[in-house]
Every structure is written in structure tokens, then in C-alpha cells.
Amino acid sequence: TKKVRLGLIKVTDKSISVSPIQIHQWDKEGISNDLESICAVPSRDNEFLLAESGNWEGRLGRMFHIKVDTLNLNATVLGSVKIPMLYRNDMNSVGDQYEAIMALPYDHQHRIIILGERGGSKNNPHGVVRWGLLDIDDHTFQMSKEGKAGVGVNVPGQWAHKKTKRDITDFHVDPEGGIWAAASEDPGDTGPFYSVIYKLGQVNLMNKERPFRIFSSIDIFKNVNGFKIEALSGPCKGIMGSHSFGTEDEIYGGVWRPINIE
């Protein structure tokens, strides 16, 4: 239905199924608008953060903290917080467009949140990695001047539409702390689509205030023709592959696929 915002994918070697996860109450501004990213909350079982792509006409642009009950297929919103608005979205302008989120440990009550601005617009020609500190209990979010400015990302590749390519469409952190990301281009509802998977940086939890490093030079690990990747993750248990991805291929629908990256 139109009110479903989350789903649970179950994959075996014989089948794949998708089940809706219901959320009955969001916050005072209502149901989420254009959810683009999700990540787990470190050290909190079955707790996740969901982020809207950005504001709309100065409103919305929220991050939701949820707890998921996978057995009963529902989720509870524990709190929400506004992501600071840098550029306004409206019918005439493309502003903030966050398509990726990840959370790193900080202390018992706080997590460092890293957001991926996709790029491909006048306000943000290229991707930008921005970050801030989230109070996971009081649900407040602060971004420093450095965190708002962020680190620019310009992904190489066989791009047919370099000015509108989306440098960041999702993040994935592997067990060794490697930060992976996807990039894609969207020339229109009929494609043709093209994406890449690349290594963006490295987690370094020894650096308390900025526990990650974004590489100055980006290497492409996989070219993926025909798909617009908007979700990136690790391997699925029992299924061959080092990573997995999900797509939003406009009129063609979306797919989930395992993939091997050496």
C-alpha cells in the first residue's frame, strides 16, 4: 500500500520474498517523505536510523530512530530529528539530496552519523560526505562547521551524463571497516542505467572526533550496467557473493542481487 515504507527481504537458495513492515505512528509532521537510506545503530539490537532525502519547501528533512520487530513485522519510532538544511528543495530547485547514511560508535548516548549527498545538481555538482553527532536518547543532532562543509566526492567511471551522475547512492561498511559506496546515473525513466561500486574510505575508531577517512583517490571495483543501484550491503547468509545491491530502475521496477567483488 501507499503507506508502507519498510520491507523485509528473505532470501534462500530457492526463493526470495518481501514482507511489508508496518509503522503506525511517525511524528507530529506525519508519515515519512521520500525515505532514501537506512543503517543499523551500533550496539543497539534491532534499532535503525532512516533518513529522508532532504527538506521539501523548507519542511521535513528528518532522521527517524526506529526499533524493528522482525517476528511481527512492525516497527516503532523511538524518536525523530531534523537534518540541518543547507539547500532548499522545491519545484524550481534541487537542494539537499541525501541518499546514504551510516552510524559509527562514539559513546553510550551518542553516535557519529555520516550522510552521503548524492550530487548531480546545481547546488551540489558532486557528492559530499557530511557528518554530525546524534544523541540517540534525547534525539538531537549537531553538525559542526567542518561536518556541514564535508568532503567532496567525484567518482570516475564510464558516465554518459557526467553532470547529472549521482556520486553517492548508498554506503556499506565491511567487517574490516572499509567504507564502500555506490554511484549511478539516471538519464530518464527508461534508462539505460549504469552504476559503479567503489571503495570510499576507511573507518578509524581510534580517532574519536572523526573516526573515518575518505580516500583522496577513488578506485572502481565493479561496473554494473543496466541497473540503477540505490542500496548496497554485504553478503547474504547462504548465498554466494561478497556484496549485495538493490536497485530502483524506474519503469522496470527494482531488483535485489548478490555480486562478487574481489
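Contact here means heavy atoms within 4.5 Å. With that in hand, here are some notes on this predicted model.

1. Let me start with isoleucine 179, a residue of strand 15, which covers residues 178-185. Leaving out residues up to four places away in sequence, Ile179 touches Met102, His172, Val173, Tyr198, Lys199, Leu200, Gly201, Gln202, Val203 and Phe212. Is isoleucine 179 buried or exposed? Its relative accessible area is 0%, and the cut-off for buried is under 20%, so Ile179 counts as buried.

2. Sequence distance and spatial distance are both worth a look for this residue. Isoleucine 179 and arginine 213 are separated by 34 residues in sequence, while their C-alpha atoms lie 9.0 Å apart in space.

3. The sheet around strand 15 comes next. Four strands make up an open sheet, and their order is 14-15-16-17, with antiparallel pairing. Strand 14 (166-173) and strand 17 (212-225) are the edge strands, each pairing on one side only. From one strand to the next, the twist averages 25°.

4. Within that sheet, you may like to follow one pair in detail. Strand 15 pairs with strand 16, residues 194-203, in the antiparallel sense, and the pairing runs over eight bridges. Which residue of strand 16 stands opposite tryptophan 180? That residue is lysine 199, which is also among the contacts of isoleucine 179.

5. The loop between strand 15 and strand 16 deserves a check of its backbone, as proline 192 is found there. The peptide bond joining glycine 191 to proline 192 is cis, with omega about 0°.

6. Two residues other than glycine have a positive phi that you may want to inspect. Glutamate 57 has phi near 55° and sits in the loop between strand 5 (55-56) and strand 6 (59-60). Histidine 139 also has phi near 55°, and its place is the loop between strand 11 (127-135) and strand 12 (140-142).

7. How do these two loop residues stand in terms of exposure? For glutamate 57, the relative accessibility is 41%, so this residue counts as partly exposed. For histidine 139, the value is 16%, and because buried means under 20%, His139 counts as buried.

8. Another loop residue to look at is glutamine 97, placed between strand 8 (74-82) and strand 9 (98-105). Its relative accessibility is 10%, so glutamine 97 counts as buried. What does glutamine 97 contact, once its neighbours within four places in sequence are left aside? The partners are Ser53, Asn89, Gly116, Glu117 and Arg118.

9. Now for the N-terminal hairpin. Strand 1 is joined to strand 2 by a hairpin of four residues. Strand 2 covers residues 16-21, and the two strands pair in the antiparallel sense over six bridges. Across this pairing, lysine 10 stands opposite serine 17 of strand 2.

10. The hairpin leads on to a surface feature. Ile9, Ile16 and Val18 make a nonpolar surface patch of about 280 Å². Isoleucine 9 belongs to strand 1, residues 6-11. Why can Ile9 take part in a patch? Patches are made of residues with over 30% relative accessible area, and isoleucine 9 has 43%, so it passes that cut-off while counting as partly exposed.

11. To close, it is instructive to set two isoleucines side by side: Ile179 in strand 15 is buried at 0% relative accessible area, whereas Ile9 in strand 1 is partly exposed at 43%.

How values were computed:
Residues are numbered from 1 along each chain as its sequence is written. This is a predicted model: local features need pLDDT of at least 70, side-chain atom pairs count only at pLDDT 80 or more; totals for chains, interfaces and linings use all residues. Side-chain values use heavy atoms; hydrogens and water are left out. Patches are made of residues with over 30% relative accessible area and no salt bridge: like charges are joined within 9 Å, nonpolar side chains (Val, Leu, Ile, Met, Phe, Trp, Tyr) within 5 Å. Accessible areas come from the Shrake-Rupley method with a 1.4 Å probe; for residues, only the protein chains shown count as cover. A salt bridge is a side-chain nitrogen of Lys or Arg within 4 Å of a carboxyl oxygen of Asp or Glu. Buried means under 20% relative accessible area, exposed over 50%, partly exposed in between (1.4 Å probe, protein chains only). Two strands pair if DSSP finds at least two bridges between them. Axes are lines fitted to C-alpha atoms, for helices over the stretch in contact, and angles run from 0 to 180 degrees between N-to-C directions.
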